[in-house]
Amino acid sequence: MRKTFLLCAACFISMLATAQLLEIVSTQQLTIPANEELKVAALSPKGDYILLTNDVNKGLMQYDLSTGNIATITDAEGAGWGVKISPDGQDVVYRERYMTADQTLRNNIMKYSIKAQKGAAIAKGQRDLSKLVSAKQANTVAINGDLHMVLTQGSKTTILTPNGADQAYNWASLSPDGTKILYYVSGKGCYTCNLSGNNPHFIALDCRAPQWYDNQTIIGMHDEDDGKFLTASAIVAYDLQGQKQILVNKEYLAIYPYAANGKIAFSTANGEIYLMHVK
């Protein structure tokens, strides 16, 4: 069963004192297995399924949004972090993290076919995750072991550090039209740049785990903690000029949003999964 919430000024969603970048149509809480602490790991490009993982990124499950059915893809350690889905939604690329005999962390990069319901390794024994990229794309961007961005265009690979080589980069992704890169710099905030790694453009300090909604709109989380525990977290939309719209108030502890095809999927720190319909 799904629970559908009507949106009003006093309940789940707030747009007070912010710009209106997206129109929120509805929000649904999705039913997940009891006693499971799950979060959203990805949303398919067509918006027809969500990938779920647990609170420490172990395992990966496919949640079919039309039927509510859940199928296990893998139980591997680390599979839920940085998972990628091909543009047609048919392939899922994830990692299997393991410890070697000499206590070195390594990763097998795996590709899972949704149609065939089986996976195979595409790279083994990797120390960084630069090969953890969407399949069936001409251009891809990833993060390497030095926490720098790696842009691959056909057979050409370029290391990009638009804010300096001394910075740590995360959550890099290409805009839907393939002309810009969205990324987060640790302690500095969310930025975009061009494919040459030039013209870094500041979006917001507190837009973490940023994702493209469309070529002009970004969503992310504004999370707060007391040094040990999450104390507040909102889901916020931004345009490229830095205007923002609060989609989910911070008291709901909403985290890690993903957007596709008029939908935004996100989790809460309490293990709830929501699907928001926007336009």
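Me: What does "buried" mean here?
Reply: Buried means under 20% relative accessible area, while exposed means over 50% and partly exposed lies in between. By that rule Tyr183 is buried, and so is Tyr191. Keep in mind that this is a predicted model.

Me: How do you know that Tyr191 is buried?
Reply: Its relative accessible area is 14%. The cut-off is under 20%, so Tyr191 counts as buried.

Me: And why is Phe202 called partly exposed?
Reply: Phe202 has a relative accessible area of 41%. That value falls between 20% and 50%, so partly exposed is the right label.

Me: What makes Tyr183 and Tyr191 a stacked pair?
Reply: Their ring centres are 5.9 Å apart, with 10° between the planes. Rings pair if their centres lie within 6.5 Å, and planes under 30 degrees apart count as stacked, so this pair meets both conditions.

Me: Why is the pair of Tyr191 and Phe202 called edge-to-face?
Reply: Here the centres are 5.4 Å apart and the planes meet at 70°. An angle over 60 degrees counts as edge-to-face, so the name fits.

Me: What does the pair of Tyr191 and Phe202 tie together?
Reply: Tyr191 belongs to strand S16 (residues 189–194) and Phe202 to strand S17 (residues 201–204), so the pair ties together parts that are 11 residues apart in sequence.

Me: Which residues do ring pairs link into a cluster?
Reply: The cluster is made of Tyr169, Tyr183, Tyr191 and Phe202. The structure as a whole holds 5 aromatic pairs.

Notes. Residues numbered from 1 in each chain as written. Predicted model: local features only at pLDDT ≥ 70, side-chain atom pairs only at ≥ 80, totals over all residues. Heavy atoms only, no water. Phe/Tyr/Trp six-rings, centres within 6.5 Å; stacked < 30°, edge-to-face > 60°. Buried < 20%, exposed > 50% of the residue type's maximum accessible area, 1.4 Å probe, protein only. Helix = DSSP H or I, 4+ residues; strand = E, 2+ residues; numbered from the N terminus.
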